[in-house]
Amino acid sequence: MKKFYLLLYFLFILSTTFAQTFSGATGPITDDGQPNEYVVSVSGAQFSNLNTSLGLTQVCLNITHTWNSDLNVFLVSPNGTMVNLFSGIGGDGDNFTNTCLNQSAPTSINTGSSPFTGTFKPQETLGNFNNGQNGNGVWKLRIIDTYAFADTGSVLSWSITFGSNAPTPFAFTSSNLPIVIINTNGVQIQDEPSINATMGIIYNGVGATNLVTDAPNDYNGNILIEYRGNYSQSLPQKPYKIETIDAANAELDVSLLGMPAEHDWLLIANYNDKVFMRNTLAYNLFTNMGHYATRHQYCEVVVNGSYQGIYILMESIKRDNNRVDIAKLDPDENSGLDLTGGYILKNDLSNSNDSWLLNFNPIDHPDLDIRLIYEYPKPETISLQQKTYIQSFINDYETALYSSNFSSPTSGYRNFIDTNSFIDYFIVNELSRNNDGFKKSVFFHKGKNTATAIGKLKAGPVWDFDWAWKNINECSIFSATDGSGWAHLVNNCNPDNYSTGWHVRLLQDTSFQNELRCRWNELRTTILSETALFNYIDTNALYLNQAQIRHFDRWGNLGLNTGAPEVDPDPNTFAGQITKFKNWISLRLDWLDENIPGNPAACSLSTSENTSNTLQLYPNPADDYFFIQSSDWTANTTAKIRIIDLFGRTIHQTTIENSNESITISNYQSGTYFVEVLTDTSKFMTKLIIQ
């Protein structure tokens with residue numbers, strides 16, 4: 001009897017410690033951005049139903065590669081279930097040596113460093129394989145070198161292990177956020193070309209619960225999808241570019257989550273933004289300032305059955321009546337007013353094929369050459385005449401900007417740019433101390449001229465705030481922890497792309513400084529008050545509070561300094577991230593309150609002396625012209641008219657003989673002005689809005 005119980009005991013021990021390892025094929029990793037697959041065959045009756053009692057427990061590998069963060073590494077089961085073991089980690093380090101992925105490991109592989117020797121949690125749970133599927137068949141290690149034709153490597157060995165006490169699948173069942181489900185039918189997404197896929201969006205309305213099992217009710221159709229971005233693409237959570245299409249692969253304009261119909265969309269990842277608001281807050285502010293910024297909606301995303309975390313579904317920047325609202329410019333529009341607009345330009349990473357070299361160098365760095373990209377029309381469609389026109393316009397603007405009388409309201413830079421947009425662009429990017437706001441991801445756009453007015457160059461839309469609103473190890477401008485530093489002086493940082501430096505020159509104009517100061521003071525009482533900013537943050541933090549738990553469980557980077565190289569400790573809770581975000585903004589507001597240039601005394605123009613309610617302007621607001629009426633005027637009244645801006649400068653003066661004479665204002669910047677009317681017996685003053 002003792003022998004019988006002893007046998008049972010040994011059988012129990014064996015059953016609870018069972019493990020079996022299968023080794024896979026090896027080979028080189030092609031350096032062309034295409035998937036490489038290394039297979040291993042699994043057989044045995046015990047693997048017909050993978051679960052927590054007996055399932056996949058570990059993956060080990062040895063890989064040589066000369067730039068680890070180029071690699072995206074997946075494991076694919078016989079039924080097509082795919083788990084991301086790791087992506088975009090290790091920077092420029094070399095190799096993965098005796099690297100094992102096990103769900104029971106105490107730390108995530110995100111915390112490791114090359115060559116990642118040891119045992120780590122993978123970026124996505126291995127438990128997703130233990131869902132009852134049949135484990136018998138061909139398993140594949142899939143590796144993609146996302147930065148093609150640069151670094152090389154090979155798989156030296158790899159293996160998968162099955163055993164008892166296996167991890168459980170991650171269960172994503174519902175969300176208060178819209179749910180986006182993408183299926184590529186087994187085809188790997190890559191950075192160009194885009195691939196065909198399907199997308200369903202589940203959204204049951206504000207406050208409702210969205211179930212993964214619900215039928216898609218916001219969109220359910222075909223898309224083209226590819227990775228997007230430069231640095232952001234190297235991170236584990238991938239950003240996507242999406243185009244909605246019909247069954248014939250033709251562009252299909254649709255409204256997604258209430259945004260105006262279009263076919264070009266983006267899914268922006270949040271791996272580098274642990275409050276999920278660095279982009280949305282900036283876009284919200286620019287919109288509330290009266291400009292276009294990309295509309296957006298939070299969502300949770302599933303790709304090929306794999307939960308990917310919180311994303312921002314947003315509009316791409318493009319010419320459209322509901323986006324950058326400028327005239328459409330066809331290739332055959334090469335003369336007259338048609339030629340003058342619209343154009344979208346970009347300061348970013350560029351080459352001689354997509355951009356042109358400016359004739360002027362930044363005033364603060366004459367050693368730097370600057371290029372502007374043809375964003376619209378695109379380099380491949382813009383005509384020679386259109387290139388010549390927009391190059392000449394920018395050259396004329398810079399000629400005026402760098403001239404000795406550049407600040408003249410009639411012959412200086414104001415003839416070419418919409419200063420209000422440049423001021424608001426400056427405020428959003430300086431408030432956030434945006435590392436990219438003045439050197440790349442910088443957009444400008446120009447509308448079409450009219451018969452009476454120039455379509456002036458506008459700054460914006462604002463874009464790309466992943467590295468903003470925090471202290472990063474990117475020269476002293478951006479690493480200061482006391483709220484200080486001017487982002488527009490980024491040329492002092494020896495960056496990878498160079499700023500036009502236009503704001504450096506604009507700030508040498510006292511009038512521009514005063515306008516900036518007045519705009520800052522005005523906004524600080526409304527949308528830039530600490531109360532307003534914190535209300536926005538708290539409202540969104542509450543909205544995202546359930547989803548953030550799943551997001552950080554998926555990516556395992558909470559409390560770790562991942563993504564942009566921050567100089568501060570990384571809080572290990574979402575609440576801590578929000579507090580850090582708010583504290584940073586408070587310091588920045590205080591510093592800008594003290595350091596925004598300009599004279600606050602210029603922000604009010606007294607109109608109390610000799611004013612009269614009998615004076616009326618019409619139309620008001622006005623765009624091209626206005627008339628004056630007053631019940632105090634006699635039939636033979638002669639009046640001297642003076643238009644004064646907010647800083648007391650006379651920008652126009654004339655004399656009229658009667659109230660039927662119109663006063664032309666089409667050449668003046670939009671904004672608030674004062675109109676002074678002086679007769680032999682009285683003096684009137686009232687406000688005029690030019691739009």
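When I speak of contact today, I mean heavy atoms within 4.5 Å. Please also keep in mind, as you look at the structure above, that this is a predicted model.

Let me start with one residue, Lys318, which is found in the loop between strand 19 and strand 20. If we leave aside its neighbours within four places in sequence, Lys318 is in contact with Glu262, His263, Asp264, Arg323, Val324 and Ile344. With one of these, Glu262, the contact can be described further, since the side chains of Lys318 and Glu262 are joined by a polar contact of 3.1 Å. Is Lys318 buried or exposed? Its relative accessibility is 18%, and because buried means under 20%, Lys318 counts as buried.

From there I would like to turn to the salt bridges, of which the structure holds 22. The loop between strand 19 and strand 20, where we have just placed Lys318, also supplies a partner to one of them, for the side chains of Asp338 and Lys448 meet in a salt bridge with an N to O distance of 3.1 Å. This pair links distant parts of the chain, with Asp338 in the loop between strand 19 (306-315) and strand 20 (343-347) and Lys448 in the loop between strand 23 (442-446) and strand 24 (457-459), 110 residues apart. Both ends count as partly exposed, Asp338 at 33% relative accessibility and Lys448 at 28%.

Now to a second pair, in which the side chains of Arg414 and Asp509 meet in a salt bridge, at 3.5 Å from N to O. Arg414 lies in the loop between helix 3 (384-401) and helix 4 (419-431), while Asp509 lies in the loop between helix 6 (502-506) and helix 7 (510-524), so the salt bridge ties together parts that are 95 residues apart in sequence. Here both residues count as buried, Arg414 at 9% relative accessibility and Asp509 at 4%.

Which residue forms a salt bridge with Asp424? The partner is Arg519, and the closest N and O atoms of the two are 2.8 Å apart. Since Arg519 lies in helix 7 and Asp424 in helix 4, this pair, too, ties together parts that are 95 residues apart in sequence. Arg519 is buried, and Asp424 is buried as well.

Finally, I should mention a case that goes beyond a single pair, namely Glu37, Lys140 and Arg142, which are linked with one another in a network of salt bridges.

Conventions. Residues are numbered from 1 along each chain as its sequence is written. This is a predicted model: local features need pLDDT of at least 70, side-chain atom pairs count only at pLDDT 80 or more; totals for chains, interfaces and linings use all residues. Side-chain values use heavy atoms; hydrogens and water are left out. A salt bridge is a side-chain nitrogen of Lys or Arg within 4 Å of a carboxyl oxygen of Asp or Glu. Helices (H or I, at least four residues) and strands (E, at least two) are DSSP runs, numbered from the N terminus. Buried means under 20% relative accessible area, exposed over 50%, partly exposed in between (1.4 Å probe, protein chains only). A polar contact is a pair of N or O atoms within 3.5 Å; within protein, one must be able to donate a hydrogen and the other to accept it, and residues adjacent in sequence count only if both atoms are side-chain atoms.
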